[in-house]
Amino acid sequence: MSKKADFLTDTKIPLLRSLTLGTGETLSELVMRVPTRGDMRKAQRHSKEQADSETFLFALLTGLTMEDIDALTLADSAEVSKTFRHLCGESTDES
């Protein structure tokens, strides 16, 4: 697939530290699906606070709970944010 169209594909995100879910399951990677405008609207309706709406949005896109998203390390959370921007078609080049 061309680099330009990569943002149209659900993306695996390897975690630096495994995440133990509320169910007891342990994940070493997350899968983030391609976001939709509807996802953004739901997140904006959920909360006017940016951090809360972002947590809600990332939970929607990964199929996790908000509590699971909150348990990510800051480094893993930054990678989730970077992946989200990429899936939205934004450039995430690190020059």
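These notebook entries record what I looked up in the structure, element by element.

**Entry 1: the model.** I noted at the outset that this is a predicted model.

**Entry 2: the hairpin.** I began with strand β1, residues 11-20, and strand β2, residues 26-32. I found that the two strands run antiparallel and are joined by six bridges. I then looked up the partner of Thr20 and found that Thr20 is bridged to Thr26 in β2. Between the strands of this hairpin I recorded five residues. Among the hairpin residues I checked Gly24, which takes a positive phi near 95°.

**Entry 3: α1 against α2.** I next turned to helix α1, residues 37-46, and helix α2, residues 50-62. How far apart are the axes of α1 and α2, and at what angle do the helices pack? I found the axes 8 Å apart and the angle about 140°. An angle over 145 degrees would count as roughly antiparallel; α1 and α2 are therefore oblique to each other. I noted the crossing of α1 and α2 as right-handed.

I listed the residues that meet here. From α1 they are Asp39, Met40, Lys42, Ala43 and His46. From α2 they are Asp52, Ser53, Phe56, Leu57, Leu60 and Leu61. Sorted by class, the residues of this contact are six nonpolar, two polar and three charged.

**Entry 4: α2 against α4.** I then followed α2 to helix α4, residues 74-87. The axes of α2 and α4 lie 12 Å apart, and the helices pack at an angle of about 75°. That angle makes α2 roughly perpendicular to α4. On the α2 side I recorded Glu54, Leu57, Phe58 and Leu61 in the contact, and on the α4 side Val80, Ser81 and Phe84. By class I entered five nonpolar, one polar and one charged for the contact of α2 with α4.

I compared the two lists and noted that Leu57 and Leu61 of α2 appear in the contact with α1 and also in the contact with α4.

**Entry 5: Thr62.** I closed with Thr62, which is found in helix α2. Is Thr62 buried or exposed? I found a relative accessible area of 16%. Buried means under 20%, so Thr62 is buried. Which residues does Thr62 touch, leaving aside those up to four places away in sequence? I recorded Leu30, Val31, Met32 and Ile69. Of these, I placed Leu30, Val31 and Met32 in strand β2, residues 26-32.

Note on methods
Residues numbered from 1 in each chain as written. Predicted model: local features only at pLDDT ≥ 70, side-chain atom pairs only at ≥ 80, totals over all residues. Heavy atoms only, no water. Axes fitted to C-alpha atoms, helices over the stretch in contact; angles between N-to-C directions. Helix = DSSP H or I, 4+ residues; strand = E, 2+ residues; numbered from the N terminus. Parallel < 35°, antiparallel > 145°, perpendicular 65-115°, else oblique. Left-handed = near helix turned anticlockwise from the far one by under 90°. Contact = heavy atoms within 4.5 Å. Nonpolar A, V, L, I, M, F, W, Y, C, P; charged D, E, K, R; others polar. Pairing = 2+ DSSP bridges. Buried < 20%, exposed > 50% of the residue type's maximum accessible area, 1.4 Å probe, protein only.
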